[in-house]
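Here is a short report on a two-chain protein model. It moves from the interface to the sheets and then to the backbone.

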Amino acid sequence: MKMLFVFRKDKDLRFIGHLDLQRAMQRALRRSGLPVSFSQGFNPHIILSFAAPLAVGITGEKEIAEIPLQLPVSPNDFLERLGKALPPGLIALEAVGQKDDAPAAMARLFAAQYTFAPRKGEEGDWQKLLDALPAFLARETIPYIRRTKSGERPDDLRPGILNLLEKNGELWATLALNQHMTAKPDQLLTSLAETAGIPVPLADTRRTALLDDRFNPLEQV
Amino acid sequence: MDEMVSRRLEALLARVQRPARYVGGELNARVKAWRDGVTTFAFCFPDTYEVAMSHLGMKIIYDLVNRQEDLLCERAMMPWTDMMDGLKEEGIPLYSLENKVPLSRFDAVGFTLQYEMSYTNILHMLELGGIPVKNADRGEDDPIVIAGGPCACNPEPLYAFIDAFLMGDGEEVTLEALRLVGQGRREGLKRAEILSRLARIPGVYVPALYEAAYHEDGTLAAFMPTDPAASLPVEKRVALNLDEASYPEDIPVPFTEAVHDRIVLEVMRGCTRGCRFCQAGMLYRPVRERSAEKLFELAQKLVDATGYEEMSLSSLSTGDYSQLNELVQGLNARFANKGISLSLPSLRIDGHLEEALSDTARVKKSGLTFAPEAGTQRLRDVINKGVTEEDLLRTVGEAFAQGFSQVKLYFMIGLPTETDEDLLGIADLARKVAGAYYATPKGRRARGLRITVSCATFVPKPFTPFQWAAQDTLEEIKRKQSLLRGALNIKNVTFNWHDPEVSYLEACFARGDRKMADVLYQAYLRGCRLDGWSEQFDLDSWFLAFRDAGLDPQFYANRERGRDELFPWDLLDIGVTKAYLWRENELAHAAKTTPDCREYCLGCGLTRFEGACAG
């Protein structure tokens, strides 16, 4: 069987990058004594896949990973054993047992939800940002320069913004995150600040959900 | 840390490289409360987080101190240049990783002295932490600054910056010193009184309580205590029973990768081989083993507590560990099926390795490392590296037959009495190792032969038989390196060498006196930092620092000392006597070897320490 599990990556760990997170999760799984599977080769590692890497600086409230297990384990048992083994700042929230041939979470991923809150001392400019929302959403294209490993190229942010609104003074966004289209949260903030005519404000960014193409959370299989 | 500062820190962390090394919060980090009556200690590693978190000694002391109810230990490391500049610009003091407390607020701040090229970092860390850099400038509220570790065996270049040095095994003396400092501060004792009381603890050297006098030629004339509490010499402390000595059962597991990111089992401390260039071999005497039983227990606890996927055995000469086969087989039996690999570093080449090798190989075929140190038998006899060409070729042959195909060979250049013939012997040996590979039947040997020849520059060190020797000049080392570059242009052989400039400075500090503290201070003022990182090292600034201090580096590095010269480090008794070292020096010049002292006692001086050595 394989287990899909949901975990939180706390604010304290926002500076821990994806590779470091992978290593920490592998070590936690090793400590947990769960019947994990190892890759072949001279440096065997625990087979584990994440639905979507989380950028440094962002808190993850419902991150998702999947792991094949050599023996059946109940979701509750899995959650308890993993929970005990996780380092401070990583919290196991939910586990869902799946058949080995169930489609991978990574393949079902379509979009992600983000929340942006103003950092203390940045509240002044924040209102200008919120005020610029209607104008921003009215734009037909939002051109920007996309930086990738292979260089820079012009791109359009607008089609990747699936939903964007204000809620209790915070900014809520649903952004495309799939192989055809990706909109990044820091670019959203940058482009929005550009429209508002202000410097990019410091914000606490949280990824609150990973969604499939029907906008259901991935863990609702 | 108040809210304003932590907000500025937050913004700073978002713009520096690899911020994970500045935030703590690792699994098994110990965050203890700052209660009244608890003595607070900041263990400072004067290099980056990745280096610090690879260091076993820090983990031992961190664990030991935090096990005590009345003490706590937090960690601090040298920030990289971007963070260092950022802290200064933002007015954020260097803080501990656990409770984010500025260094200046601890009762005691301690540095581990692992290599000379980290000394400028100590000065910068003090400054960043809000502590006056010079001990003479510290006030009653400033922490007591202590230091220990291998380089403390010649503490004099740091005499102006460190309040007290702890000599020998840290398990023994650290707790006593910390408790005394904490109690003294709670009682409101004057700083000078605390230091004087510290000096009464065996193994503690308080430089302010001694004066040095010099001859006109710059050599040391006399060394005198100025306080009745100050003993001369200061005797190192020894933890005689390693099974009873404190050892961590869980260790902080960094999120970001450390240089050596694994479980380390210290199987043994000390070495009886008596290689004449090797300071550790002299400093860490007597030899003490940890039992295989104890190591199995520790390994299991550490695996359970950390989840590490790799384990290594550590000592100066693991091949000499009496229960090696039992240990390796036992560890493999327990952990191999859990995907935990075992690596065996620094194996000497005369151990009986085949069994041990076949066991390691079952888990992971990593490269093998050998250290013949010199290219000819004559020079290996001079340095008393009791290894023959035959031993080496037999052992690499066994390794190739086991499926190993990568071999690292370590040498030193600039050893006393070295000739060009000795250097060319290095190339000869590399060629023969390649020959041993091709002599292994094609079906048995693994593909992809790679021989790496690394040549370090010899640095004469205190408390070795070569403490009297001159280091080769920079020009001579460069000539020798280029000779070797030509000779080592061999298929499948890679030649690595180090910058001789760094070794040159290392030599100055290794055998430096109190005057070298001026050079260090000037270099610090000129912005030298992270000198162990080649991209940061700035030789010109160091030369200017020598000029500012009115000193000649050649006096320290390139001068052959006379038999009776008083050395700055003679104020310490680390176990081996000067008479023994001189005897070994004379044997070296006659190219005569000395057997391992387990065969018969050579009278090195350790029998003076009760229970240390059978003799």
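A salt bridge here is a side-chain nitrogen of Lys or Arg within 4 Å of a carboxyl oxygen of Asp or Glu. Glu10(B) and Arg14(A) fit that definition, because their side chains meet with N to O at 2.4 Å. The model is predicted.

**The interface**

Between chain A and chain B the count is five salt bridges. Eight residue pairs are in polar contact between the two chains, both residues at pLDDT 80 or more. On chain A, helix H1 (residues 18-32) gives the largest share of the side that touches chain B, with six residues. That side of chain A divides into ten nonpolar residues, one polar and ten charged.

How many residues take part on each chain? The contact involves 21 residues of chain A and 30 residues of chain B. The size of an interface is often given as the accessible area lost when the parts come together. Between chain A and chain B about 2,200 Å² is buried, and carbon and sulfur atoms give 57% of this area. Three residues stand out: Phe15(A), Arg27(A) and Arg30(A) supply 31% of the area that chain A buries against chain B, more than any other three residues.

**Salt bridges beyond the interface**

Side chains of opposite charge can pair when their charged atoms come close. Over all chains, the whole structure holds 70 salt bridges. One of them joins Arg119(A) to Asp204(A), with the closest N and O atoms 2.9 Å apart. This pair links distant parts of the chain, 85 residues apart. Arg119(A) sits in the loop between strand S5 (111-118) and helix H4 (123-131) of chain A, while Asp204(A) lies in strand S10 (residues 203-211) of chain A.

**Two open sheets in chain B**

One open sheet has six strands in the order S2-S1-S3-S4-S5-S6 (chain B), with mixed pairing. Its edge strands are S2 (71-77) and S6 (204-205) of chain B, and each pairs on one side only. Strand S1 (residues 39-45) of chain B pairs with S2(B) in the parallel sense over seven bridges. Within S2(B), Cys73(B) stands opposite Phe41(B).

The other open sheet has four strands in the order S15-S16-S17-S18 (chain B), with parallel pairing. Which strands stand at the edges? They are S15 (368-373) and S18 (493-497) of chain B; each has a single partner strand, so one side of each is left without a neighbour in the sheet. Neighbouring strands of this sheet are turned by 20° against each other on average, direction ignored. Strand S17 (residues 450-457) of chain B runs parallel to S18(B), joined by five bridges. Val453(B) has Phe495(B), in S18(B), as its bridge partner.

Helices lie across both sheets, as the table shows.

| Helix | Strands crossed | Angle |
|---|---|---|
| H5 (residues 119-128) of chain B | S1, S2, S3 (108-112) and S4 (144-148) of chain B | about 160° to S3(B) |
| H7 (residues 191-199) of chain B | S4, S5 (164-166) and S6 of chain B | about 25° to S4(B) |
| H13(B) | S15 and S16 (406-413) of chain B | about 170° to S15(B) |

**Backbone points to check in chain B**

The peptide bond from Leu232(B) to Pro233(B) is cis, with omega near -5°. Pro233(B) lies in the loop between strand S8 (220-225) and strand S9 (234-235) of chain B. The bond from Arg285(B) to Pro286(B) is also cis, with omega near 0°. Pro286(B) is in the loop between helix H8 (279-283) and strand S12 (288-289) of chain B. Asn384(B), a residue other than glycine, has a positive phi, near 60°. Its place is the loop between helix H12 (377-382) and helix H13 (389-401) of chain B.

Key
Residues numbered from 1 in each chain as written. Chains lettered and ligands numbered in written order. Heavy atoms only, no water. Contact = heavy atoms within 4.5 Å. Buried area = accessible area lost by both parts, 1.4 Å probe. Polar contact = N/O pair within 3.5 Å; in protein donor to acceptor, adjacent residues only side chain to side chain. Nonpolar A, V, L, I, M, F, W, Y, C, P; charged D, E, K, R; others polar. Pairing = 2+ DSSP bridges. Axes fitted to C-alpha atoms, helices over the stretch in contact; angles between N-to-C directions.
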